[in-house]
Amino acid sequence: MTRSSTTESVRVLTGMYAAEAQDFAAGGPGEASFDLLAPFFAPDVELHQAAALPYGGIWRGHAGMTRFFLTMGQVWESFDTVEQEFLATGETAVVLTQVRARARATGRVLNFPVLQTITVKGGRITEVRPFYWDTRAIADACAAPSPEE
């Protein structure tokens with residue numbers, strides 16, 4: 001581990017989260033371009049989301065990340081970072097984020113933590129692995145009510 005790689009990881013992550021906030025301010029996924037975020041992600045980036053989520057699966061490359069952000073925009077009416085903590089050692093960072101989000105399908109508001117391990121190599125994010133405390137609560141909040149209900 002070197003101090004410079006740790007500093008670079010934090011710099012890349014703070015830049016990416018600032019670009020993400022700017023993207024949402026411009027209308028978010030489907031309204032704003034992925035161009036603001038693209039410089040922070042390696043062309044072969046992999047995002048591993050829990051399968052139980054409405055946006056679960058592995059999203060690869062810039063095209064995959066574009067589809068992921070579009071899907072997030074379809075699932076969530078709002079998705080706000082309330083608080084964040086960073087711990088970076090070399091190329092690996094752990095980010096604890098407190099989220100407040102409103103589901104489009106149900107209008108339900110959730111407050112939940114997400115812990116992410118993020119790998120930064122060569123000044124770009126190469127891998128993201130989010131961990132949720134309660135994927136079922138998130139999936140339930142995002143599920144449209146069945147016609148019988």
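Leaving aside neighbours within four places in sequence, which residues is T71 in contact with? The points below answer this question and set it in the wider structure.

1. **Basis of the model.** This is a predicted model, in which local features need pLDDT of at least 70, side-chain atom pairs count only at pLDDT 80 or more, and totals for chains, interfaces and linings use all residues. Residues are numbered from 1 along each chain as its sequence is written, and side-chain values use heavy atoms, with hydrogens and water left out.

2. **T71.** Beyond its neighbours within four places in sequence, T71 is in contact with P54, Y55 and W59, contact being heavy atoms within 4.5 Å. T71 is found in helix α2; helices (H or I, at least four residues) and strands (E, at least two) are DSSP runs numbered from the N terminus. T71 counts as buried because its relative accessible area is 17%, where buried means under 20%, exposed over 50% and partly exposed in between (1.4 Å probe, protein chains only).

3. **L70.** The adjoining position in the numbering, L70, also lies in helix α2. L70 is partly exposed, with a relative accessible area of 35%. Its C-alpha atom is separated by 9.5 Å from that of F34, a residue 36 positions away along the chain.

4. **Overall architecture.** The protein has 3 helices and 6 strands. Read from the N terminus, the order of elements is α-β-β-α-β-β-β-β-α. Of the 149 residues, 41% are buried. Among contacts with a separation of 6 or more, 49% are between residues 24 or more positions apart. The accessible surface comes to about 8000 Å², and carbon and sulfur atoms account for 52% of that surface; these areas come from the Shrake-Rupley method with a 1.4 Å probe, and for residues only the protein chains shown count as cover.

5. **The nonpolar core.** In soluble globular proteins, nonpolar side chains tend to be buried together. Here the largest nonpolar core holds 38 residues, of which F41, Y55, W76, F112, I118, I125 and I138 touch the most other members. At least two residues of this core come from each of α1 (3–25), β1 (41–49), α2 (61–75), β3 (76–89), β4 (92–103), β5 (109–121), β6 (124–132) and α3 (135–142). A nonpolar core is a set of buried Ala, Val, Leu, Ile, Met, Phe, Trp, Tyr and Cys residues joined through side-chain atoms within 4.5 Å. One of the core residues named above, I138, is in contact with L53, Y55, W76, L110, F112 and Y132, neighbours within four places in sequence being left aside.

6. **The largest pocket.** About 440 Å³ of space lies in the largest pocket. Elements giving two or more residues to its lining are α1, β1, α2, β3, β4, β5 and β6. The lining has 24 residues, with Y17, E20, F69, F79 and Q116 nearest the centre of the pocket. The largest share, 5 residues, comes from α1. By type, the lining divides into 17 nonpolar, 5 polar and 2 charged residues. Ala, Val, Leu, Ile, Met, Phe, Trp, Tyr, Cys and Pro count as nonpolar, Asp, Glu, Lys and Arg as charged, and the others, Gly among them, as polar. On a 1 Å grid over the protein atoms alone, a pocket is an open set of points where a 1.4 Å probe fits, with protein on both sides within 12 Å along at least five of seven lines, and lining residues have an atom within 4 Å of a point. Grid points are joined across faces, edges and corners, and the volume is the space filled by probe spheres set on them.

7. **Q84 and Q98.** Q84 is placed in strand β3 and is partly exposed at a relative accessible area of 24%. Outside its neighbours within four places in sequence, Q84 is in contact with Y17, V95, L96 and T97. Q98 is found in strand β4 and is partly exposed at 29%. Not counting residues up to four places away in sequence, Q98 touches D80, T81, V82, E83, F112 and P113.

8. **T117.** T117 lies in strand β5 and, at 28% relative accessibility, counts as partly exposed. The C-alpha atoms of T117 and A93 are separated by 5.7 Å, although the two are 24 residues apart along the chain. With neighbours within four places in sequence left aside, T117 is in contact with A93, V94, E127, V128, R129 and F131.
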